[in-house]
Amino acid sequence: MPELLDWLLQNEESFRKSRLPSLYSDLFLQRQTNPDGYNTNIHAWQTALSHAALAGHLPSSSASSPSILTLQTSEQLLNALSSRQYGRPLGLGAVIDESVRSGKMIPRSDFLRSKKSIYARSWVPSPWSLLSWGLKTIGLLGEESWDVNGRLRVGELVVVENLERSGGEVLSRQGRRAQSVTDRVVSREAFAEELASGIGGTEGVRLSERDVEILLKFLEREKQAISYNERVVKFKQPSAARPEPITHQDVTIASLKTLISTLTSQCDNLSARISSLTTTAFVAVKASNRISALSALRSKKLAERNLKQHSDTLSQLEEVYTKIEQAADQVEIVRVMEASAGVLKSMNKQVGGVERVEDVIEELREEMGKVDEVGQVINEPMGAREQVDEGEIDDELEAMEREEKEKEARRVKEKEEKEAEVTRRRLEEIARREDLEETEERRKVEELEQGTKKSQESESVPNEAVNQLDASTKRLSQMSLEDDAAGKTHDTDGMQGVQKAVAEGSS
């Protein structure tokens, strides 16, 4: 299985093996019989070709630098997509025709020669477009297809989706860098190496010169983000609407940056060579190979001499570049200060001087004073409104307090009367209970006496009956004495409670 087809089967969702028969069928015929399936297959092929180009898997005339922005149509592309089971895709020409018609792919030559943006759409058709439409309508002029009897016309198409993505990544990388004049100017070589390498996940893949040319044209014409020539690329300021033209100073700055980069790389290589020669000399000494050791040391000395010369030159160039950066920053600062001075001058002119400001402040104070006077008049009491009599308010308050005290006294008196009534009822209950107990005891004594008398008449009374009679008589006598004492105590307490309640009520 070809490498390109194998990659599509592994990475593209729409290229499942169950869909290959439909994808490899004749799409020209499918457009008439199954329009929905035709559109689905066209979209699947467009997406797959775009992703394969961005990943660097499409066949290219340059094997060392595959193009990620263009699609090269040829027999080589058909062979790379051929399948043992389904053969070559019969509808690839229809896919390219639809892509060109919809603007998703543009012939490279047309893209580079065009003066208008690919996004520009004219509402007024040109005479040639009207004539072409009329001839196509009556069948005298047909559209040139990329499919020629089952083969593809040889050509190169710009993949717009990949171009937009690459341009966005380049602008994003530049936006993260400093925005001084020296940082916005780079050589074309530095642009390809620093800003346009590794786009779309192709790490380590450097854009070909043809891709760089397409990308620069897109950034200049469609994005209006750069100005460039065959040597220098200059990005616009973030706040500017359009990029500035390239000047002789820009060319010098770009050349200086390129030379510094080159010398830095040479110094790194010389340092690595010196380390390698040192290692070689030690190995030769251990092997007692005097000739090899001397040769390695001579080469090391020459490399050290070259490294010192390159380092001195690099130091001088870096110092010059630093001064240029400072001068460029100073120019920008002076330009901003000059513009700021103009703004301040215009604003001071609008103010009109100190005297006008003093007049305005005085008028403002007068108007604020008028506002305060109006507020005082509004807050004053109306003339017809009666004044409040404070004496009446005090009398009314005293009456309310006096009434509240009388209510409190009545509540206390009623409470005491209720307590006295409860006490009286309790005393009456105790007295009634004691009377009942006394009556019952007297009845028992009388019954006992009567029983004793009857016994004496018939027989002699036993000693136990006599003793019981004596005990009952004593108990009755003692109870009478206690009742008299308790009655006096109860009467005294009750009278004292009643007298106290009467005295508090009269007070």
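## A salt bridge in helix α6

Let's start with a pair of charged side chains. In this predicted model, Glu 98 and Arg 101 meet in a salt bridge, with 3.0 Å from N to O. What puts these two within reach of one another? Both belong to helix α6 (residues 92-102), and because they are three residues apart, about one helical turn separates them. Arg 101 is partly exposed, at a relative accessible area of 44%.

## More salt bridges, this time in helix α15

That pair has plenty of company: searching the whole structure turns up 29 salt bridges. One of them links Glu 408 with Arg 411, where the closest N and O atoms are 2.2 Å apart. Here too the partners are three residues apart in a helix, this time α15 (residues 390-458), so they are separated by about one helical turn. And how open are the two side chains? Glu 408 is partly exposed with a relative accessible area of 41%, and Arg 411 is partly exposed as well, at 42%.

Stay on α15 and you'll meet Arg 425 and Glu 421, another salt bridge, with the closest N and O atoms 3.1 Å apart. These partners are four residues apart, and again about one helical turn lies between them. Is Arg 425 buried or exposed? At 53% relative accessibility it counts as exposed, because the cut-off for that label is over 50%. Glu 421 has a relative accessible area of 28%, which makes it partly exposed. The story doesn't stop at two residues, either: salt bridges with shared partners tie Glu 421, Arg 424, Arg 425 and Glu 428 into one network.

## The sheet β1-β5-β2

Now for some strands. Strands of a sheet pair through backbone hydrogen bonds, and they can do so in parallel or antiparallel fashion. Three strands make up an open sheet here, in the order β1-β5-β2, and the pairing is antiparallel. At the edges you'll find β1 (70-73) and β2 (105-107), each of which pairs on one side only. Going from one strand to the next, the twist averages 35°.

Zoom in on β1 and β5 (residues 155-159): these antiparallel strands are joined by four bridges. Which residue of β5 is the bridge partner of Leu 71? That's Leu 157. Helix α9 (residues 160-175) lies across β2 and β5, and runs at about 50° to β5.

## The sheet β6-β8-β7

There's another open sheet of three strands, with the order β6-β8-β7 and antiparallel pairing. Its edges are β6 (185-187) and β7 (226-228); each has a single partner strand, so one side of each is left with no neighbour in the sheet. On average, neighbouring strands are turned by 20° against each other, ignoring direction.

How many bridges join β7 to β8 (residues 232-235)? Three, and the two strands run antiparallel. Across this pair, Ser 227 stands opposite Lys 234 in β8. Helix α11 (residues 209-222) packs on the sheet and touches β7 and β8, its direction making about 130° with that of β7. Helix α12 (residues 248-286), meanwhile, lies across β6 and β8 and runs at about 60° to β6.

## A nonpolar patch on the surface

Last stop: the surface. Val 351, Val 357 and Ile 361 form a nonpolar patch there, and together they have about 200 Å² of accessible area. Val 357 sits in helix α14 (residues 354-379). With a relative accessible area of 34%, Val 357 is partly exposed, so it passes the cut-off of over 30% for joining a patch.

Key
Residues are numbered from 1 along each chain as its sequence is written. This is a predicted model: local features need pLDDT of at least 70, side-chain atom pairs count only at pLDDT 80 or more; totals for chains, interfaces and linings use all residues. Side-chain values use heavy atoms; hydrogens and water are left out. Two strands pair if DSSP finds at least two bridges between them. Axes are lines fitted to C-alpha atoms, for helices over the stretch in contact, and angles run from 0 to 180 degrees between N-to-C directions. Contact means heavy atoms within 4.5 Å. Patches are made of residues with over 30% relative accessible area and no salt bridge: like charges are joined within 9 Å, nonpolar side chains (Val, Leu, Ile, Met, Phe, Trp, Tyr) within 5 Å. Accessible areas come from the Shrake-Rupley method with a 1.4 Å probe; for residues, only the protein chains shown count as cover. A salt bridge is a side-chain nitrogen of Lys or Arg within 4 Å of a carboxyl oxygen of Asp or Glu. Buried means under 20% relative accessible area, exposed over 50%, partly exposed in between (1.4 Å probe, protein chains only).
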